[in-house]
Amino acid sequence: MTLTARPAWKALEAHCAAVGATHLRTLFADDPDRGERLRSEAAGLYVDYSKQRVTDETLRLLRALADECQLRHRIDAMWRGDKINTSEKRAVLHVALRAPRGSSIELDGENVVPNVHDVLDRMGTFARGVRDGSWKGHTGARIKNVVNIGIGGSDLGPVMAYEALRWYANRDLTLRFVSNVDGTDFVEATRDLDPRETLFIISSKTFTTLETMTNAQSARAWALNILKDQSAIARHFVAVSTNAAEVAKFGIDTENMFGFWDWVGGRYSMDSAIGLSTMLAIGPEHFRELLDGFHMMDEHFHTAPFENNLPVILGLLTIWNCNFLGAATVAVLPYAQYLKRFPAYLQQLTMESNGKHVTLDGASIAYETSPIIWGEPGTNGQHSFYQLIHQGTRIVPCDFIAFSKSLNPIGNHQELLMANVFAQTEALAFGKMADQVKAEGTPDWLVPHRVFEGNRPTTTILADQLTPATLGALIALYEHSVFTQGVIWGIDSFDQWGVELGKALAQQIAKELGAADTTATTHDSSTNALMRRYRNAR
């Protein structure tokens with residue numbers, strides 16, 4: 001049965017036609033205790049979704065849709081190690097990356113958790129050596145700089161985690177990240193570094209990723225320009241990979257190769273060996289706290305009833321906003337400067353996972369799938385795009401993320417920051433009516449410009465303080481919300497075929513741009529003309 005033919009979907013369509021336009025002012029007036037009821041809490045996160053445009057009946061119908069789509073069965077299938085990534089015939093077991101030592105998650109009859117902890121133990125030993133100075137570079141100099149080279153999930157997760165947990169980082173280590181094949185990225189990241197004090201982490205599962213290996217070769221040449229000795233590579237480069245042959249060919253000691261598995265998708269890998277740079281920055285103990293936060297949310301998602309299951313609630317609200325209220329985007333607005341890269345991280349997690357146009361069995365989809373994710377930290381965004389959110393013609397559901405306690409308390413900064421969180425969600429929900437504007441003495445001609453319609457849906461995620469464990473729980477919350485959405489839409493949230501075509505064409509065009517024969521006409525007239533223009537300019 002197609003999604004739109006399901007009884008719960010049809011019931012939601014009828015329900016939306018009847019109550020979808022009901023204003024949040026009315027919903028709160030009819031149910032004054034709504035703010036105390038439409039909330040839930042788990043793993044240190046308090047989630048208030050009372051300012052979403054839903055009723056109890058909306059939520060009941062959404063849960064009925066989840067049941068009809070067999071969400072519980074799909075959750076259990078993931079934990080069982082079933083190959084739910086159907087197009088690639090792979091299991092999806094990122095939950096095993098943060099399972100406690102001694103627990104059991106099986107794949108093909110084998111418990112994968114001991115292997116996970118073997119890698120974590122090796123990472124911990126290496127990280128302690130770099131952090132305490134016992135693991136030195138080729139010349140005997142202490143490592144002071146760490147440069148992570150990766151792309152996609154091998155970069156976005158580590159960058160986000162480092163920025164988010166910078167307060168916990170060892171400030172004696174300088175962390176840099178290179179992902180873009182644009183040479184500027186590498187040059188600016190290394191401009192002020194000394195190769196004798198620099199360690200590169202090359203993060204590529206296959207050790208063949210074009211952008212990553214291009215940057216890795218440039219790093220190798222940069223280091224050898226000063227170090228001269230080829231054997232120095234083994235003391236200044238480590239690998240996060242599974243391709244031992246290519247790692248050794250590069251000159252990296254395979255003892256310093258940290259692996260992961262094909263059941264770990266790139267955008268779900270920041271808590272695997274891909275997180276080596278994070279562990280180097282914050283230390284193995286704090287990294288373990290990060291994993292514990294992930295695990296707490298994993299267990300909540302796996303076991304909690306849907307009516308108070310945070311990832312399920314967030315996922316179903318996205319379905320409601322996207323498919324029934326017509327919202328095409330979601331703004332993620334962290335009121336914490338440390339989370340400045342969190343929206344960018346969620347862009348890959350969400351849009352690479354659910355930006356799909358066919359179902360699991362390959363049938364074309366006749367409904368919207370992934371919303372577009374965007375956002376910036378508050379309060380900065382208030383002075384740029386909040387105008388559109390408040391008074392624009394588009395519905396933009398917003399996730400506000402905030403913390404009760406600041407890691408850097410200064411004067412009344414935190415009170416002002418939090419006042420803005422609460423004020424923005426109140427203003428978005430209830431707006432400001434024309435009679436209120438007139439009562440302030442506003443001239444009639446100006447009244448329409450100062451009216452706020454309100455009825456803009458928001459969710460507020462509140463935690464006590466930004467800790468490694470809180471960050472882990474927050475990431476897992478969104479991971480499982482994305483999975484919930486994918487189950488409802490009947491898509492494979494764990495493949496990413498959409499990134500392949502452009503990459504394949506780029507490799508072909510790169511060869512043609514470097515060829516002696518510049519008369520190639522194998523492409524369309526636009527591409528051929530652009531290639532000629534580039535060659536002439538070069």
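Here is a friendly conversation about the predicted model shown above.

Biologist: Let's start with the whole chain: how many helices and strands are there in the protein chain?
Modeller: This is a predicted model, so everything here is computed from it. The protein chain has 538 residues, and 54% of them count as buried. Its secondary structure comes to 22 helices and 13 strands.

Biologist: What radius of gyration does the protein chain have, next to what the globule rule gives?
Modeller: The C-alpha atoms fill a box of roughly 75 × 60 × 55 Å along the principal axes. For 538 residues the globule rule gives 24 Å, and the chain comes close to that, so it is as compact as a globular protein of that length. The radius of gyration is 25 Å.

Biologist: What share of the accessible surface belongs to carbon and sulfur atoms?
Modeller: The accessible surface of the protein chain comes to about 23200 Å². Carbon and sulfur atoms take a share of 52%.

Biologist: Now the sheets, please! Which strands stand at the edges of the open sheet of six strands?
Modeller: The order of this sheet is β1-β2-β13-β12-β10-β11, with mixed pairing. From one strand to the next, the twist averages 15°. Two strands have a single partner each, so one side of each is left without a neighbour in the sheet: β1 (39-42) and β11 (372-374).

Biologist: Which residue is the bridge partner of E41 in β2?
Modeller: Four bridges link β1 and strand β2 (residues 45-48), in the antiparallel sense. Within β2, the residue that partners E41 is Y46.

Biologist: Which helix packs on that sheet by touching β1, β2 and β13?
Modeller: A second helix, α17, lies across β12 (398-403) and β13, running at about 155° to β12. The helix you are asking about makes about 140° with the direction of β1. That helix is α14 (residues 310-324).

Biologist: Is N420 buried or exposed?
Modeller: N420 sits in helix α17 (residues 413-430). Beyond its neighbours within four places in sequence, N420 contacts Y335, T379 and Q382. Its relative accessible area is 18%, and the cut-off for buried is under 20%. N420 is therefore buried.

Biologist: What are the edge strands of the sheet with five strands?
Modeller: This open sheet has the order β6-β5-β7-β8-β9, and its pairing is parallel. Two of its strands pair on one side only: β6 (174-178) and β9 (257-258).

Biologist: Which residue in β9 does A239 stand opposite?
Modeller: Strand β8 (residues 237-240) runs parallel to β9, and two bridges join them. Opposite A239, in β9, stands M257.

Biologist: Which helix lies across β5, β6, β7 and β8?
Modeller: Helix α7 (residues 153-164) also packs on this sheet, but it touches β5 (145-149), β6 and β7 (198-203), with its direction at about 150° to that of β6. The helix you want runs at about 160° to β7. It is α9 (residues 210-227).

Biologist: One last pair: how are α5 and α13 oriented to each other?
Modeller: Helix α5 (residues 71-80) and helix α13 (residues 284-303) have axes 9 Å apart. Residues in their contact include I75 and W79 of α5 together with F301 and H302 of α13. The packing angle is about 135°, whereas roughly antiparallel needs over 145 degrees and roughly perpendicular covers 65 to 115. The two helices, α5 and α13, are therefore oblique.

Conventions. Residues numbered from 1 in each chain as written. Predicted model: local features only at pLDDT ≥ 70, side-chain atom pairs only at ≥ 80, totals over all residues. Heavy atoms only, no water. Pairing = 2+ DSSP bridges. Contact = heavy atoms within 4.5 Å. Axes fitted to C-alpha atoms, helices over the stretch in contact; angles between N-to-C directions. Buried < 20%, exposed > 50% of the residue type's maximum accessible area, 1.4 Å probe, protein only. Rg over C-alpha atoms; globule rule 2.2 N^0.38 Å. Areas by Shrake-Rupley, 256 points an atom, 1.4 Å probe, with all protein chains shown as cover. Parallel < 35°, antiparallel > 145°, perpendicular 65-115°, else oblique.
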